[in-house]
Amino acid sequence: MPAVLRALPYYDEITEIAAQGVREQAYSYQIIVWVSITPVEQFELPSGARRFPAILDTGLNDNFAIAPVHLRAWAGIHWKSLPEEGAERFYGNIRVPTRRAYLWLHPNQYGWRDWIDPLHPAVRIELNDGISIYGNGEEVGRDPRTKTLRAPRLPIIGLRALTGVDGQLHIDCARRLISLDLPD
Amino acid sequence: MTNKDDSGQESDTNEFIESDTPERSDPVTPLARSQVAYKAELPELLAHHRGKWVAYADGNRLRLGNSQVELYRHCLSDLGLTHDRFIVRRIMPESSPQIEYTLR
């Protein structure tokens with residue numbers, strides 16, 4: 001089972017992260033990984049594909065959630081261009097349709113968070129029910145109340161995504177290090 | 001649209017939606033028909049093909065595969081289907097669509 005994340009650190013304090021010229025912060029104990037999003041017609045990740053940070057959040061029970069503004073600015077994709085998946089999520093009692101897309105996870109250089117391993121290609125995370133896009137006051141589904149959903153501050157990967165690909169996630173809290181293995 | 005159940009009573013075809021979810025009145029789309037068919041066949045799929053991927057179009061099972069991308073290629077490139085016609089799902093136990101939504 002190949003390693004995708006190797007000794008990826010997280011920190012006790014706030015740290016700066018950069019994506020496509022936009023500076024963001026990772027708060028204490030947030031696990032930051034680097035991802036790309038593409039339409040599913042792109043069976044391979046194009047070279048030079050944009051990548052951006054996301055929080056790996058084992059407390060999130062969705063696959064992947066992202067704000068419309070981040071999807072546009074960081075992935076170069078408008079949410080309306082992604083087809084509906086035919087599944088949905090309920091955020092509270094608000095129905096959010098999921099959208100069809102590939103999530104790519106970029107391997108890190110051993111021991112580094114924001115340095116991507118140039119020797120290993122990004123890994124496609126096959127999401128069973130697509131991704132959730134909401135926030136920024138945008139109506140993203142047939143329920144107008146989707147406008148009221150507060151966007152995630154940063155994109156988030158949940159445990160549902162890693163479960164769907166049979167991943168093995170190891171969190172070394174003593175050393176503040178993450179490792180993730182995914183099947184071939 | 002309605003279906004008849006075993007007792008001959010008419011029932012909402014959107015019955016695949018979780019019973020504890022809010023009310024809905026969407027028309028039945030090809031995607032929804034496929035989702036209904038997938039959920040109906042899920043016990044049998046789990047028994048024999050757990051962990052594999054399956055594609056449905058217009059309510060009919062198309063084929064099984066070893067990966068999502070394999071079936072997307074089949075539906076999009078080989079069959080020329082549009083996205084509103086098919087679904088691709090991994091065969092695994094059904095999970096709740098309810099998301100823990102908290103402010104971050």
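## Where chain A meets chain B

A:Tyr91 stands opposite B:Ile99, a residue of β6(B). That pairing comes from a predicted model, and it belongs to a small piece of strand pairing across the two chains: β7 of chain A, residues 84-91, is joined to β6(B) by two bridges. The two strands run parallel.

Now for the contact as a whole. Chain A puts in 37 residues and chain B puts in 31 residues. Together the two chains bury about 3100 Å² between them, and carbon and sulfur atoms give 48% of that area.

What about charges and polar groups? There are four salt bridges between chain B and chain A. One of them links A:Asp129 with B:Arg89, where the closest N and O atoms are 3.5 Å apart. Counting residue pairs in polar contact, with both partners at pLDDT 80 or more, gives 21 between the chains.

Which parts of chain B do the touching? Each of these elements supplies at least two residues to the side of chain B that touches chain A:

| Element of chain B | Residues |
|---|---|
| α1 | 30-49 |
| α2 | 68-78 |
| β5 | 86-90 |
| β6 | 98-99 |

The largest share of that side comes from α2(B), with six residues. Sorted by class, the side of chain B that touches chain A holds 15 nonpolar residues, nine polar ones and seven charged ones.

So if you're looking around in the viewer, β6(B) is worth a stop: this element supplies at least two residues to the contact side of chain B, and it is also the strand that two bridges join to β7 of chain A.

Key: Residues numbered from 1 in each chain as written. Chains lettered and ligands numbered in written order. Predicted model: local features only at pLDDT ≥ 70, side-chain atom pairs only at ≥ 80, totals over all residues. Heavy atoms only, no water. Contact = heavy atoms within 4.5 Å. Buried area = accessible area lost by both parts, 1.4 Å probe. Salt bridge = Lys/Arg side-chain N within 4 Å of Asp/Glu carboxyl O. Polar contact = N/O pair within 3.5 Å; in protein donor to acceptor, adjacent residues only side chain to side chain. Helix = DSSP H or I, 4+ residues; strand = E, 2+ residues; numbered from the N terminus. Nonpolar A, V, L, I, M, F, W, Y, C, P; charged D, E, K, R; others polar. Pairing = 2+ DSSP bridges.
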